[in-house]
Amino acid sequence: MKKKVIVAVVLLFIVAVGVGGYFLFFRGGLGAKVYNFTDLKAAIDLGIPLKCSYTIGEVQSQGYIKGEKWHGKMRMADGAEGDVILKDECMWSWKEGETTGMKMCFELEDGESIWDQDTDTGVEYVCEPAIVGDDIFEVPADVKFMELDDLMNPTE
């Protein structure tokens, strides 16, 4: 009888650890903290990877921030989807399914970051801690990015 009680306690412990691990690693933790920002610089200053969602008009979006890197995905009212990556003082944007996109790099003073600029857009970002791999910030190789200068001054 004592052996059955010990086995039952061990099984309950294993189940509790499994459920706790599931919520901790796959669901953002037990009662995961939610952060609200109107300035992505504040999210960077928090110092942890975050998954954020936000709405601008009829456009629903979600993004991931890790360090000074951002990858946002937008779904337009017509169902079209687009992506934006900000890193290394440049921004890449493209529409899902398209083979071309746009790249714009920013000229800043030495030692400045794009994130040192005023990034308060008035948009409310609702964020929660997330596990974010670096691969999400990789610019797709199958999209040709035109630089803004190329679009303004096309060669013949």
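**Group meeting talk: strands, turns and a pocket**

Okay, let's start with a pair of strands: β2 and β3 run antiparallel to each other, and seven bridges link them. Keep in mind that what you're looking at is a predicted model. If you want one spot to find on screen, look for L50, which sits opposite I65 in β3. Now follow the chain from β2 into β3. The two strands make a hairpin with two residues between them, and in that turn G57 has a positive phi of about 65°.

Let's zoom out for a second. How many helices and strands does the protein have? It has three helices and nine strands. Going from the N terminus, the order is α-β-α-β-β-β-β-β-β-β-β-α, so you can trace it along on your own screens. The protein has 156 residues, and 28% of them count as buried. As for the outside, the protein exposes about 10,800 Å², with carbon and sulfur atoms supplying 57% of that. And here's one about contacts: take those between residues at least 6 apart in sequence, and 50% of them join residues at least 24 apart.

Right, next residue. M74 lies in strand β4. Is M74 buried or exposed? Its relative accessibility is 18%, and the cut-off for buried is under 20%, so M74 counts as buried. Who does M74 touch? Skip the neighbours within four places in sequence, and M74 is in contact with Y54, V59, Q60, S61, A80, E81, G82, D83 and V84. For a bit of distance, compare M74 with I56: the two are 18 residues apart in sequence, and their C-alphas are 9.6 Å apart in space.

Now over to the loop between β5 and β6, where we find D88 and also E89. Here's some background for the first-years. Most residues other than glycine have a negative phi. Now look at D88: its phi is positive, near 50°, and D88 is not a glycine. E89 isn't a glycine either, and its phi is positive too, about 60°. How exposed are they? D88 is exposed, with a relative accessible area of 59%, while E89 is partly exposed at 24%.

Keep going along the chain and you reach another hairpin. β6 and β7 run antiparallel, joined by five bridges. This hairpin has four residues between its strands, and G97 there takes a positive phi near 85°. A pair to look for is M91, whose bridge partner in β7 is M104. β7 also pairs with β9, this time in the parallel sense, over four bridges. On that side, G101 has F145 in β9 as its bridge partner.

Last stop, the pocket. How much space lies in the largest pocket? About 400 Å³. It is lined by 18 residues, and the closest to its centre are L40, W70, L86, M91 and Y125. You've met M91 already, as the partner of M104. Which strands help build the lining? β2, β3, β4, β5 and β8 each supply at least two residues. And what kinds of residue are they? The lining has 14 nonpolar residues, four polar ones and no charged ones.

That's my tour. Thanks, everyone!

Notes
Residues are numbered from 1 along each chain as its sequence is written. This is a predicted model: local features need pLDDT of at least 70, side-chain atom pairs count only at pLDDT 80 or more; totals for chains, interfaces and linings use all residues. Side-chain values use heavy atoms; hydrogens and water are left out. Buried means under 20% relative accessible area, exposed over 50%, partly exposed in between (1.4 Å probe, protein chains only). Contact means heavy atoms within 4.5 Å. Accessible areas come from the Shrake-Rupley method with a 1.4 Å probe; for residues, only the protein chains shown count as cover. On a 1 Å grid over the protein atoms alone, a cavity is a set of points where a 1.4 Å probe fits but cannot get out, and a pocket is an open set with protein on both sides within 12 Å along at least five of seven lines; lining residues have an atom within 4 Å of a point. Grid points are joined across faces, edges and corners, and a volume is the space filled by probe spheres set on the points. Ala, Val, Leu, Ile, Met, Phe, Trp, Tyr, Cys and Pro count as nonpolar, Asp, Glu, Lys and Arg as charged, and the others, Gly among them, as polar. Two strands pair if DSSP finds at least two bridges between them.
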